[in-house]
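Please look over the sequence and the structure below before reading on. The paragraphs that follow begin with a single pair of residues and then widen the view.

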Amino acid sequence: MFPTDVPLAHLGSSVLLLLQLLPPTSAFFPNIWSLLAAPGSITHQDLTEEAALNVTLQLFLEQPPPGRPPLHLEDFLGCTLLADDLFASYFGPGSPSRRFRAALGEVSRANAAQDFLPTSRNDPDLHFDAERLGQGRTRLVGALRETLVAARALDHTLARQRLGAALHALQDFYSHSNWVELGQQQPHPHLLWPRQELGNLAQEGDPTCSDCEELSCPGNLLGFTLLTSGYFGIHPSKPLGKCSHGGRFDQSSSQPPRGGINKDSTAPGFSPHHMLHLQAAKLALLASIQAFSLLRSRLGDSGFSRLLDITPASSLSFVLDTTGSMGEEINAAKIQARHIVEQRRGSPMEPIHYVLVPFHDPGFGPVFTTSDPDSFWQQLNEIHALGGGDEPEMCLSALELALLHTPPLSDIFVFTDASPKDAFLTSRVEALTQERRCRVTLPLEPPVVVPERPLVFIVDGLLQRVSVRIHGEVSSFWIRNPAGISQGPEEGQGSLGHTRRFGQFWMVSINDPPQTGTWEIQVTAEGNPRVRVQAQTSLDFLFHFGIPMEDGPHPGLYPLTQPIAGLQTQLLVEVTGLGLRGRPEDSLPHFSHVILRGVPEGAELGQVPLEPRGAPEQGLLVASLPPTLLSTAGPFSLELIGQDGEGRDLHRASPQPCTVVPVLLELSGPQGFLAPGSKAPLTLRIASFSSPQDLNLRTSVNSSFSLTSNLSRVRLEQNESAWGRLWLEVPESAASHSVVMVTVTALGREASPVPPTHAFLRLLVLAPAPQDQLAAPVHSSGPIFTSVSPTLRPSPLVTWGRAGRGLAGNPWWGTVGGVLLLLGLASW
């Protein structure tokens with residue numbers, strides 16, 4: 001932490017640039033990184049994830065799993081509650097929670113981003129600051145309405161972003177207002193219901209606080225029963241006699257009456273009412289459970305489960321070249337789709353969402369999506385090879401369309417024998433693939449060139465259903481297991497597994513259980529064959545990047561989609577599938593370090609140790625990536641190395657590469673929906689931390705929308721930042737309840753080797769409507785409160801924990817109900 005009397009000039013140019021990201025407002029601290037500044041505090045991330053776990057258990061208790069015995073509350077009382085264990089209890093052993101935890105991570109990061117984005121961090125309406133309580137309620141209800149609309153439009157990424165924004169504001173109410181100080185023991189009964197008046201609000205002329213010159217201000221609120229909240233900073237200015245937010249970064253708290261009333265943390269230096277932090281957090285948790293319950297009642301169980309990826313099943317997406325040369329490959333796609341579904345039929349892993357996108361020259365699409373497997377088979381069987389040549393085709397346009405309609409962390413199978421005609425889309429599709437964390441089999445994966453030496457891969461005891469896929473003009477290949485047993489390209493059942501061939505595609509399904517150890521593959525082929533090894537496993541990992549913000553009113557981790565060249569970056573890893581119930585800690589798998597490997601050459605760029613963060617059962621690991629390791633922009637893969645509980649080697653790799661981008665590109669828009677016929681301002685920030693950059697900026701948006709910008713070229717020195725403004729015009733004819741995506745790309749000028757950087761922004765088009773969109777939940781049963789932490793004493797209503805875990809406490813039955821499940825497909 002920087003001392004308060006250090007002049008800014010002494011901090012260094014990189015730090016000065018990063019400080020521009022810090023918000024002048026404050027709230028519950030954003031995420032787990034915040035605990036370095038205020039140990040024992042409850043963060044927005046905690047509140048969001050704990051509410052989800054509570055509602056998940058309630059759903060599982062109310063909806064017995066088909067074909068499995070029902071869950072019983074007493075089985076969870078007194079036990080540490082984990083997402084993995086809940087998922088295994090409901091769906092069966094080995095059912096991974098990876099996709100659910102990824103969806104919940106999207107919501108949590110969107111929640112934290114409200115404290116960092118320039119369009120939200122300064123707005124008192126979005127944080128219930130400055131006595132803007134009625135306005136804050138309007139914005140909160142609007143964000144929940146937008147969540148519903150985006151979910152019904154099947155844009156769950158946007159829905160999770162709006163849900164995160166709504167939860168942030170809702171949780172801030174209990175930290176920033178005096179609701180807790182008024183002695184209230186339950187959430188505000190009217191905060192989520194727009195037809196009800198908040199009532200009893202302090203007016204402009206009502207004094208609310210007395211002067212307090214200490215860090216801790218337990219008695220500075222005047223004796224009244226009016227609802228108020230604190231002012232922060234200088235905009236808007238604090239009227240005479242009003243309360244400040246407080247904390248050493250709040251400029252308003254130095255003006256009489258000094259002090260403040262926020263309950264963001266347990267640290268007096270940040271929170272003058274730190275002694276009420278836990279009470280505020282408890283009410284914020286109860287209110288968050290109410291919000292989840294409201295969404296369940298409006299979306300229904302199926303729609304709510306889609307919102308939070310509540311099933312271990314993945315989607316099945318195919319992108320098919322339909323030109324004349326593709327007859328065999330189209331048949332291969334049909335057979336492979338049938339094989340995948342038949343493998344998983346009758347299990348929780350059976351696909352629940354299907355996407356099909358055909359393409360040829362010059363056209364691509366339309367996209368076909370369905371949750372009905374019979375409709376998918378009918379559509380797939382109607383696709384046949386058409387006339388035309390085999391070079392080139394609109395492959396990347398079709399793949400982009402598939403990515404926009406496929407849930408994150410899904411597999412997308414691309415079948416083509418042609419190069420892309422739309423190769424100019426390569427970098428944008430790669431960036432979108434990485435943002436969506438989808439695994440694309442072809443054509444974006446780099447070719448694995450197999451020269452004289454064999455390709456090596458390691459199989460551990462936690463892998464099953466190992467498959468080897470080979471594509472190219474293959475004349476021969478062999479696969480050898482650790483015992484020295486080999487199998488060649490002959491179709492049918494062999495000594496190691498079953499081989500199928502579809503034109504230039506080969507797939508070998510290794511017999512279960514596969515032998516553990518080092519396997520080898522040797523391929524003889526013309527050109528550059530592609531080889532991919534996949535497997536199913538419950539033990540996998542999620543990851544994201546962030547910039548530590550350890551000074552200012554909101555210490556936390558500023559989330560990044562990709563690391564930025566030259567900038568100290570944190571890698572956060574969340575290990576899934578640990579299977580902790582009933583197992584001693586020393587028998588758990590653990591990962592010790594992460595390897596960064598260049599793509600496509602495969603050279604090791606460096607190794608970084610992984611440090612556990614929090615309790616072992618959380619599976620949270622952190623690696624600090626130094627600027628020297630990220631000095632050069634370009635793609636790399638992540639590989640986690642560790643051991644299982646018996647000391648045998650473990651290896652897990654990310655299914656898609658990451659990219660070190662040369663600049664920070666931040667695109668943000670209005671906090672709300674776009675009305676047809678409106679014009680919306682967007683904010684663009686671009687910053688370089690590694691070297692001077694001379695860049696062109698390109699923008700794109702959905703057809704019929706108009707997008708203009710005041711910044712088309714920018715030259716940045718090292719540690720320099722530039723801001724731009726864009727204006728998005730929404731046509732009168734724009735369909736309500738639709739989604740528009742804006743893309744900004746920063747490109748090196750002329751022959752610059754700098755790879756492009758992309759920023760994506762999803763916005764909702766929605767016709768204005770009266771404030772009647774949110775009705776009270778229809779479920780009558782209340783939440784089950786779970787989780788525990790040494791920083792909080794158990795209460796008869798709620799006990800606490802950290803992300804992904806909890807302790808089932810005494811049930812409290814009220815007027816709110818809820819839903820949530822867990823989902824994941826972990827593959828290597």
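**A strand and its neighbours**

In this predicted model, Phe-543 stands opposite Val-573, a residue of strand β16. That pairing belongs to a wider arrangement, for strand β14 and strand β16 (residues 569-576) run antiparallel and are joined by seven bridges. Strand β14 is also joined to strand β15 (residues 556-560), again in an antiparallel manner, and here there are five bridges. One of the partnerships with β15 is that of Met-549, whose bridge partner is Gly-556.

How many of the residues of β14 are buried? Strand β14 covers residues 540-549, and 10 of its 10 residues are buried, so the strand is largely enclosed by the rest of the structure. To see how this works on the two sides, it helps to recall that in a regular strand the side chains alternate between the two faces of the sheet. On one side of β14 lie Asp-540, Leu-542, His-544, Gly-546 and Pro-548, while Phe-541, Phe-543, Phe-545, Ile-547 and Met-549 lie on the other, and since all of these residues are buried, both faces are covered.

A helix can be examined in a similar way. Helix α2 takes in residues 44-62, and because 17 of its 19 residues are buried, α2 too is largely enclosed by the rest of the structure. The length of helix α2 can be checked as well: at 1.5 Å a residue, its 19 residues should span 27 Å, and this agrees with the end C-alpha atoms, which are 27 Å apart.

These elements belong to a chain that has 11 helices and 32 strands. The chain consists of 828 residues, of which 59% count as buried. It exposes about 30600 Å², and carbon and sulfur atoms supply 53% of that area. If one takes the contacts in the chain with a separation of 6 or more, residues 24 or more positions apart account for 73% of them.

Charged side chains offer another way to follow the chain, and the count comes to 28 salt bridges. In one of them, Arg-439 is joined to Asp-411, with the closest N and O atoms 2.4 Å apart. This pair links distant parts of the chain, since Arg-439 is in strand β6 (residues 439-440) and Asp-411 in strand β5 (residues 411-415), 28 residues apart. Arg-439 has a relative accessible area of 7% and is therefore buried, and Asp-411, with 8%, is buried as well.

Which parts of the chain does the salt bridge between Arg-652 and Asp-460 tie together? The closest N and O atoms of Arg-652 and Asp-460 are 2.5 Å apart. Arg-652 lies in strand β22 (residues 649-653), whereas Asp-460 lies in the loop between β7 (455-459) and β8 (464-480), so the pair ties together parts that are 192 residues apart in sequence. Arg-652 counts as buried, at 1% relative accessibility, and Asp-460 is buried with a relative accessible area of 4%.

The salt bridge between the side chains of Arg-648 and Glu-646, at 3.2 Å from N to O, has other surroundings. Arg-648 is partly exposed, with a relative accessible area of 46%, and Glu-646 is exposed, with a relative accessible area of 63%. Finally, salt bridges can also join into a network, as they do among Arg-99, Glu-106, Arg-160 and Asp-309.

How values were computed
Residues numbered from 1 in each chain as written. Predicted model: local features only at pLDDT ≥ 70, side-chain atom pairs only at ≥ 80, totals over all residues. Heavy atoms only, no water. Helix = DSSP H or I, 4+ residues; strand = E, 2+ residues; numbered from the N terminus. Expected span 1.5 Å × (residues − 1). Buried < 20%, exposed > 50% of the residue type's maximum accessible area, 1.4 Å probe, protein only. Contact = heavy atoms within 4.5 Å. Areas by Shrake-Rupley, 256 points an atom, 1.4 Å probe, with all protein chains shown as cover. Pairing = 2+ DSSP bridges. Salt bridge = Lys/Arg side-chain N within 4 Å of Asp/Glu carboxyl O.
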